[in-house]
Amino acid sequence: MKRVGIVMGSDSDLPVIKKAADQLTALGIPFEIHVYSAHRTPAEARDFALNARGNGFGVIIAAAGMAAHLAGAIAANTTLPVIGIPCQGPVMDGLDALLSTVQMPTGIPVATVAVNGGANAALLAAQILAVEDAELAAKLDAKRAKDAAAVLEKDKGIAERL
Ligand code: RP5
């Protein structure tokens, strides 16, 4: 199976990335994590992206906050699918990072999830890999069914909570 590459702009983004790592682990998807910044270590971020396909990655998740250019900078240097996670910073509740990540110019797409959306980033990465992996697709179907059953359990009990 292709691996998922996870890059975060700072180790302060780790709580968001942990949510992605937990999902990938639960689905049995191999991944590799790095701290590379578009601004502080641009050469390393670029090299990672340039070599990602050759190094066996199938999709890249990039998380950053504030002036969040990491996902775009990674996407500029690979044609692998890149999923951007805007991370909440000290101002604007992450709206700054959301707009920085999502507003990519035509030609260099970044699939952007919600602010701090680490879990959905991992699930989207899994769905991309599952296009060519029936076993992984079955795991995702099973997870959807389990999650739906949990909601229906809550539906049963909701009236008694009022
Ligand atoms: C971004 O700046 C990082 O992705 C992080 O979200 C934010 C703050 O970084 P630190 O100052 O905590 O290292 O580049």
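**Close-up A. The crossing of helices H5 and H6 in the predicted model.** Helix H5 passes helix H6 in a left-handed crossing, in a model that is predicted rather than determined by experiment. The two helices, H5 spanning residues 118–130 and H6 spanning residues 134–157, pack at an angle of about 140°, and their axes lie 8 Å apart. Because of this angle, H5 counts as oblique to H6, the class of roughly antiparallel being kept for angles over 145 degrees. On the H5 side, the contact is made by Leu123, Ala126, Gln127, Leu129 and Ala130, and these residues meet Leu136, Ala137, Leu140, Lys143 and Arg144 of H6.

**Close-up B. Strand S3 and its pairing with strand S4.** Strand S3, which covers residues 57–65, is mostly covered, with 8 of its 9 residues buried. Strand S4, made up of residues 82–87, runs parallel to S3 and is joined to S3 by 6 bridges. Within this pairing, Gly65 has Cys87 of S4 as its bridge partner. Between the two strands the chain passes through helix H3, residues 70–75, and the resulting β-α-β crossover from S3 to S4 is right-handed.

**Close-up C. Strand S1 alongside strand S3.** Strand S1, residues 3–8, is also a mostly covered element, since 5 of its 6 residues are buried. S1 pairs with S3 in the parallel sense, and 6 bridges are found between these two strands. Two positions in S1 illustrate the register: Gly5 stands opposite Ile60 in S3, while Ile6 has Ile61 of S3 as its bridge partner.

**Close-up D. Strand S1 alongside strand S2.** Strand S2, residues 31–35, runs parallel to S1, and 5 bridges join the two. Here Ile6 of S1 stands opposite Ile33 in S2, and Ile6 also has a bridge partner in S3, namely Ile61. The chain leads from S1 to S2 by way of helix H1, residues 14–27, in a β-α-β crossover that is right-handed.

**Close-up E. The strands taken together.** In this wider view, S1 can be followed to S2 through 5 bridges and to S3 through 6 bridges, and S3 can in turn be followed to S4 through 6 bridges. Each of these pairings is parallel. The crossover through H1 is right-handed, and the crossover through H3 is right-handed as well.

Key:
Residues numbered from 1 in each chain as written. Predicted model: local features only at pLDDT ≥ 70, side-chain atom pairs only at ≥ 80, totals over all residues. Heavy atoms only, no water. Buried < 20%, exposed > 50% of the residue type's maximum accessible area, 1.4 Å probe, protein only. Helix = DSSP H or I, 4+ residues; strand = E, 2+ residues; numbered from the N terminus. Pairing = 2+ DSSP bridges. Right-handed = clockwise from strand over helix to strand, strands pointing away. Axes fitted to C-alpha atoms, helices over the stretch in contact; angles between N-to-C directions. Parallel < 35°, antiparallel > 145°, perpendicular 65-115°, else oblique. Left-handed = near helix turned anticlockwise from the far one by under 90°. Contact = heavy atoms within 4.5 Å.
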